Amino acid sequence: MSNFVWCHGPSCHKSHTQDRIRGVKGSKVLRTKKVTQDRWNSGIDLSMYSYFCSQGCYNDFANKHVREVIAIAPRTEALETPVSIERVESTTYGGHKYMETRILTVDN
Ligand SMILES: [Zn+2]
């Protein structure tokens, strides 16, 4: 028994690829691709590849539905990550000395 979902790309069925061709002669269609649910794209490994056959279909979906997607978790203010900044002297492979800025994450 195959466990799958249909690709959620809004234009998946319009891509001209041979693996989308279905139907009998004289009544052919391009069909949305199946996305097989396996241990790599479902359960604890859930990712966009659980619902989309390709990065392109994911991008098409995200671009078409960006307002709805953003409404799920709108960012109304900036987030901040506490850091400390260090200026340290470093040396290039060629022996040239220069000052380097290191950004270190601070636990809080
Ligand atoms: Zn697709």
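Modeller: Welcome! A donor is an N, O or S atom within 2.8 Å of the metal, and we will use that cut-off on this predicted model.

Biologist: Thanks! What makes Cys-7, Cys-12, Cys-53 and Cys-57 protein donors of the zinc ion?

Modeller: Their SG atoms lie 2.3 Å from the zinc ion. The cut-off is 2.8 Å, so these sulfur atoms count as donors. Along the chain, the donor residues follow the spacing C-x4-C-x40-C-x3-C.

Biologist: Why is the site of the zinc ion called tetrahedral?

Modeller: Four donors earn that word if all angles lie between 85 and 135 degrees. Here the 4 donor atoms make angles of 105 to 114 degrees, so the site is tetrahedral. For background, the ideal angle for four tetrahedral donors is 109.5 degrees.

Biologist: Does the word buried or partly exposed fit Cys-53, and which fits Cys-57?

Modeller: Buried means under 20% relative accessible area. Cys-57 has 4%, so Cys-57 is buried. Cys-53 has 25%, which is why Cys-53 counts as partly exposed.

Biologist: What makes up the largest nonpolar core?

Modeller: That core has 5 residues: Cys-7, Cys-12, Val-35, Phe-52 and Cys-57. Members must be buried and joined through side-chain atoms within 4.5 Å. Cys-53, at 25%, is partly exposed, so Cys-53 does not meet the requirement to be buried. Phe-52 also has contacts beyond its neighbours within four places in sequence, among them His-8, Tyr-58 and Phe-61.

Biologist: How do you know that Asp-19 forms a salt bridge with Lys-33?

Modeller: The closest N and O atoms of Asp-19 and Lys-33 are 2.8 Å apart. The limit is 4 Å, so the pair qualifies. This pair links distant parts of the chain, 14 residues apart: Asp-19 is in the loop between β1 and β2, and Lys-33 is in the loop between β3 and β4.

Biologist: And why does the pair of Arg-102 and Glu-100 count as a salt bridge?

Modeller: Their closest N and O atoms are 3.8 Å apart, within 4 Å, so this pair counts too. The count comes to 2 salt bridges. Arg-102 is partly exposed at 37%, and Glu-100 is partly exposed at 26%.

Biologist: What makes β5 and β6 a pair of strands?

Modeller: Pairing needs at least two bridges, and 9 join β5 (residues 83-91) to β6 (residues 97-105), so they pair. These strands run antiparallel, with Ser-84 opposite Leu-104. Between the strands of this hairpin are 5 residues, and Gly-95 takes a positive phi near 90 degrees.

Technical notes
Residues are numbered from 1 along each chain as its sequence is written. This is a predicted model: local features need pLDDT of at least 70, side-chain atom pairs count only at pLDDT 80 or more; totals for chains, interfaces and linings use all residues. Side-chain values use heavy atoms; hydrogens and water are left out. Donors are N, O and S atoms within 2.8 Å of the metal (3.2 Å for Na, K and Ca); water is not among the atoms, so sites may look incomplete. Four donors count as tetrahedral if all angles lie between 85 and 135 degrees; four count as square planar and six as octahedral if opposite donors are over 155 degrees apart and all others between 65 and 115; anything else is irregular. Buried means under 20% relative accessible area, exposed over 50%, partly exposed in between (1.4 Å probe, protein chains only). Contact means heavy atoms within 4.5 Å. Helices (H or I, at least four residues) and strands (E, at least two) are DSSP runs, numbered from the N terminus. A salt bridge is a side-chain nitrogen of Lys or Arg within 4 Å of a carboxyl oxygen of Asp or Glu.
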